[in-house]
Amino acid sequence: MPILEVNDIRKSFGSARILSGISFSMEEGESLSIIGSSGSGKTTLLRCLTFLETPDSGSVLVRGDKVFDADEPAPDASELRRRRAHFGMVFQSFNLFPQYTALGNVTLAPLLASGGKNEDEIVSAGRKLLDQMGLSDRMGNYPHQLSGGQQQRVAIARALALHPDILCFDEPTSALDPELTGEVLRVIRELADNHTTMIIVTHEMSFARDVADQCIFMDSGVIVEKGPSREVIDNPRAERTRQFLSNYNS
C-alpha cells in the first residue's frame, strides 16, 4: 500500500485555476522532488496536502486512511490536528518563534501535544534532533543569533519532532546564499539516505536529480511528467519539460 495517495486535487482562487487534477502516489521511504516554474502550483499543492489550504475537489489518503475528501464534511478542530500530524512542513522562510531558543522551538509542539507530560523525554529527543542537524552548540541560541542555514536546520528538527509520516519542504534553500544552501541540502540528503519519506519543492535541479527517487514536473497546475528523477531531469520526454530544464545547468 502506498504511504500517500493523492487523487484529482483541484484548487482555484477566485477565477484563477491553480491546480487542475493532481494525482500521484508515493511509497514509504521514498523521496519525491517537485520542480517547475514559479506559479506552476507547486507550493499550493504542498499547502493543500498539509491543510494550509483546502482543495476544491479530490481526496488524499495516508497509509490508506482518508485524511481529506472534498465530498465529506469538514473535520472539527481536533480531527484536523490529527490529520495534520501526518505531515511535517518546512517553509522557505523558516517561521521560527523568535521568543524561543532553538531547543524551545523544537520541543514546543511536542510539549503542547503531551499536555506537559514526559518533558524530560521530549527535551532529550529535541537535543538529539538538534545534534543530528549539527547544532549541538546552538541549542540555547535564539533565532536572531543563528545564520539562515542554522535557522532552517532548526526548522527541519522542529518538523521531525512530531514524527510525521511525510516531511514536506517548500523551496527550503530559496532564502539562503550558496554557502548556507549546502548546509541545508546536506541535511536533506542524509534524511533521504535514511529513507525518510519526503516531498521536496525545489529549484535545485542537480539536487532533485541526485537525491530524490522520483520527480514530478508541474506546469500551469498540471503534472506534465513524472518518473525516476534521473530520467525526468536527464532525459525528459515532454517538450515542456525540456524547455524548462534548458534554463538550468546540470
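**Notebook: sheets, helices and pockets**

I began at the start of the chain, where L4 stands opposite M26 in β2. This is a predicted model, and I read every entry below with that in mind.

**Entry 1: the β1 and β2 hairpin**

I looked up which strands carry that pair. Strand β1 covers residues 4–13 and strand β2 covers residues 16–26; the two run antiparallel and are joined by eight bridges. Next I checked the turn of the hairpin. Two residues lie between the strands, and G14 takes a positive phi near 65 degrees.

**Entry 2: the rest of that sheet**

I then asked myself what else pairs with β1. Strand β4, residues 57–62, pairs with β1 in the antiparallel sense, over five bridges. For a handy reference point I noted R10, whose bridge partner in β4 is S57.

From β4 I moved on to β5. These two strands also pair in the antiparallel sense, with four bridges between them. Here V62 stands opposite D65 in β5.

Putting the strands together, I wrote down an open sheet of four strands, ordered β2-β1-β4-β5, with antiparallel pairing. I marked β2 and β5 (65–69) as the edge strands, since each pairs on one side only. Neighbouring strands in this sheet are turned against each other by 20 degrees on average, direction ignored.

Which helix packs on this sheet? I found α1, residues 42–49, touching β1, β2 and β4. The direction of α1 makes about 65 degrees with that of β2.

**Entry 3: the six-stranded sheet**

I turned to another sheet and traced its order as β6-β7-β8-β3-β9-β10. It is open, has six strands and shows mixed pairing. Why is one side of β6 and of β10 left without a neighbour in the sheet? Both β6 and β10 (222–228) stand at the edges and have a single partner strand each, so one side of each has no neighbour there. The average turn between neighbouring strands of this sheet is 15 degrees, direction ignored.

I picked one pairing to inspect by eye. Strand β3 (residues 31–35) pairs with strand β9 (residues 214–219) in the parallel sense over four bridges. In that pairing I located S33, which stands opposite C215 in β9.

I also looked at what covers the β6 end. Helix α5 lies across β6 and β7, and runs at about 170 degrees to β6.

**Entry 4: α3 against α4**

A reminder to myself: two packed helices are described by the angle between their axes and the distance between the axes. For α3 and α4 I noted an angle of about 140 degrees, with the axes 9 Å apart. The crossing of α3 past α4 is right-handed.

I listed the contact from each side. From α3 come A102, L103, V106, T107, P110, L111 and S114. They meet E119, I122, V123, G126, R127, L129 and L130 in α4. Sorted by class, the residues of this contact are nine nonpolar, three polar and two charged.

**Entry 5: the largest pocket**

How much space lies in the largest pocket? I noted about 720 Å³. Its lining has 18 residues, and R84, F87, M89, A109 and L162 lie nearest the centre.

I checked which elements build the lining. At least two residues each come from α2 (77–84), β6 (87–90), α3 (102–114) and α5 (148–160). The largest share is that of α3, with four residues. So my notes on α3 belong to two entries: α3 packs with α4, and α3 also helps to line this pocket. By class, I recorded 12 nonpolar, three polar and three charged residues in the lining.

**Entry 6: the second largest pocket**

My last stop was the second largest pocket, with a volume of about 260 Å³. It is lined by 16 residues, and L129, L160, H163, P164 and T196 are the closest to its centre. I recognised L129 from the α4 side of the helix contact.

Two elements give two or more residues to this lining: α4 (119–132) and β7 (166–170). The largest share, four residues, comes from α4. The class split I wrote down is eight nonpolar, four polar and four charged.

How values were computed: Residues numbered from 1 in each chain as written. Predicted model: local features only at pLDDT ≥ 70, side-chain atom pairs only at ≥ 80, totals over all residues. Heavy atoms only, no water. 1 Å grid on protein atoms, 1.4 Å probe; cavity = no way out; pocket = protein on both sides within 12 Å on 5 of 7 lines; lining within 4 Å. Points joined across faces, edges and corners; volume = space filled by probe spheres on them. Nonpolar A, V, L, I, M, F, W, Y, C, P; charged D, E, K, R; others polar. Pairing = 2+ DSSP bridges. Axes fitted to C-alpha atoms, helices over the stretch in contact; angles between N-to-C directions. Contact = heavy atoms within 4.5 Å. Left-handed = near helix turned anticlockwise from the far one by under 90°.
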